[in-house]
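Colleague: I would like a close look at one strand in this model and at what surrounds it. Please take it from there to the rest of the chain.

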Amino acid sequence: MSNQAETHNQSLKVLVIVPAYNEAEGIAQVIDQLRRETPYADVLVINDGSSDATSTIARAAGVNVIDLTCNLGIGGAVQTGYRYAAEHHYDYAVQIDGDGQHSPSDLGRLLFAMFDTNADMVIGSRFITKEGFQSTFARKMGIGILSTLLTRLTGRTVTDPTSGYRLCGRRAISLFAREYPTDYPEVEALMLLYNRELSFAEIPVVMHERQGGVSSISSLKSVYYMSKVILSVLLMKTMKRKAWENRYES
């Protein structure tokens with residue numbers, strides 16, 4: 001990142017939200033990368049009821065940690081981060097997985113894309129340039145189905161609807177602090193933005209294989225996941241679109 005770009009980012013309040021469930025194996029490395037690559041951003045780890053040493057390791061690394069008393073799932077953990085961002089008046093909040101799949105060095109490009117497009121959310125997509133880790137064949141098939149469905153429902157091209165690498169501006173932070181899907185939220189969050197007349201854009205990023213832990217979506221859960229998400233977005237499409245009023249009441 002150029003010195004000019006870094007200086008610009010340092011003038012903004014940027015929060016990195018790291019939802020983490022039993023990520024003790026890789027969380028220290030993720031935090032270390034964030035500090036080296038994004039020194040202008042604050043880091044908040046949402047420890048989602050982990051039974052391992054995720055919280056202890058994150059605190060020892062010197063970042064802020066919110067310990068949830070039970071496992072809420074990715075939706076509850078991420079929304080906790082957005083509520084924190086809204087209450088502390090951050091300009092931007094970005095989700096980065098705690099398993100090391102996302103490269104913090106891409107955050108600067110996400111910020112530039114948000115400035116350039118004036119989008120409310122910018123998503124890091126692994127499928128635009130198809131570099132780096134591309135997921136398994138079965139998952140890519142599922143993601144392809146969801147991409148086609150969302151593109152048709154929203155009229156906007158979506159290549160990576162399940163990406164958890166997402167940067168939000170104030171309007172999206174405000175919305176997600178109030179409303180956020182609780183179960184497998186990434187795809188539904190895009191429909192939520194569409195229904196609230198907020199915009200999103202994608203840019204290419206390179207993702208890596210997870211550094212530790214296990215995915216919350218096992219093979220047995222995949223069928224339930226696809227059925228639930230498809231039904232949910234179809235139902236959301238039937239709802240009347242209404243512009244989001246940017247506000248947050250703590």
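Modeller: Strand β4 is covered on both faces. Tyr-92 and Val-94 are buried on one side, and Ala-93 and Gln-95 are buried on the other. In a regular strand, side chains alternate between the two faces of the sheet. Bear in mind that this is a predicted model.

Start with the pairing. β4 spans residues 92-95 and pairs with β6, residues 166-168. That pairing is antiparallel and has three bridges. Val-94 has Leu-167 as its bridge partner in β6. β1 and β4 run parallel, joined by four bridges. Val-94 turns up here again, as the bridge partner of Val-16.

Now the whole sheet. It is open and has seven strands, in the order β3-β2-β1-β4-β6-β5-β7. The pairing is mixed. The edges are β3 (64-67) and β7 (200-204), each of which pairs on one side only. From one strand to the next, the twist averages 20°.

A helix lies over this region. α7, residues 170-178, lies across β4, β5 (121-125) and β6. The helix runs at about 100° to β6.

Tyr-82 links several of these pieces. Outside its neighbours within four places in sequence, Tyr-82 contacts Ala-93 and Gln-95, both of them buried residues of β4. Its other contacts are Ile-17, Cys-168, Ile-173, Phe-176, Ala-177 and Tyr-180. Cys-168 has 0% relative accessibility, under the 20% limit, so this residue counts as buried. Cys-70 is partly exposed, because its relative accessible area of 43% falls between the 20% and 50% limits. The disulfide count for the model is zero.

Which residues touch the most other members of the largest nonpolar core? Tyr-82 is one of them, along with Met-121, Phe-176, Leu-190 and Leu-193. This core has 43 residues. Two or more residues come from each of β1 (14-20), β2 (41-47), α4 (74-87), β5, α6, α7, α8 (185-195) and α9 (219-237). α8 gives the largest share, seven residues. There is also a second, separate core, with 33 residues. Leu-34, Ala-41, Ala-58 and Val-65 are among its members.

Next, the stretch around β5. Helix α5 covers residues 107-117. Its buried residues are Leu-107, Gly-108, Leu-110, Leu-111, Ala-113 and Met-114. Just after α5 comes Asn-118, with a positive phi of about 60°.

Beyond β5, the polar side chains deserve attention. Arg-126 sits in the loop between β5 and α6. Is Arg-126 buried or exposed? Arg-126 is buried, because its relative accessible area is 8% and the limit is 20%. Its side chain makes a polar contact of 2.8 Å with the side chain of Asp-160. A polar contact of 3.4 Å joins the side chains of Arg-126 and Thr-162.

Asp-160 leads on to Ser-147. Ser-147 belongs to helix α6, residues 137-154. Its relative accessibility is 8%, under the 20% limit, so Ser-147 counts as buried. Asp-160 is 13 residues away along the chain, yet the two C-alpha atoms are separated by 6.6 Å. Leaving out residues up to four places away in sequence, Ser-147 touches Val-158, Thr-159, Asp-160 and Pro-161. Asp-160 is thus a contact of Ser-147 and a polar partner of Arg-126.

Finally, the chain as a whole. The secondary structure comes to nine helices and seven strands. Of the 250 residues, 54% are buried. Take the contacts with a separation of 6 or more: 78% of them involve residues 24 or more positions apart.

Back to β4 to close. This strand pairs with β1 on a parallel footing and with β6 on an antiparallel one. Val-94 has a bridge partner in each: Val-16 and Leu-167. Helix α7 lies across β4, and Tyr-82 contacts Ala-93 and Gln-95.

How values were computed:
Residues numbered from 1 in each chain as written. Predicted model: local features only at pLDDT ≥ 70, side-chain atom pairs only at ≥ 80, totals over all residues. Heavy atoms only, no water. Pairing = 2+ DSSP bridges. Axes fitted to C-alpha atoms, helices over the stretch in contact; angles between N-to-C directions. Contact = heavy atoms within 4.5 Å. Buried < 20%, exposed > 50% of the residue type's maximum accessible area, 1.4 Å probe, protein only. Polar contact = N/O pair within 3.5 Å; in protein donor to acceptor, adjacent residues only side chain to side chain. Disulfide = S-S within 2.5 Å. Core = buried A, V, L, I, M, F, W, Y, C linked by side-chain atoms within 4.5 Å.
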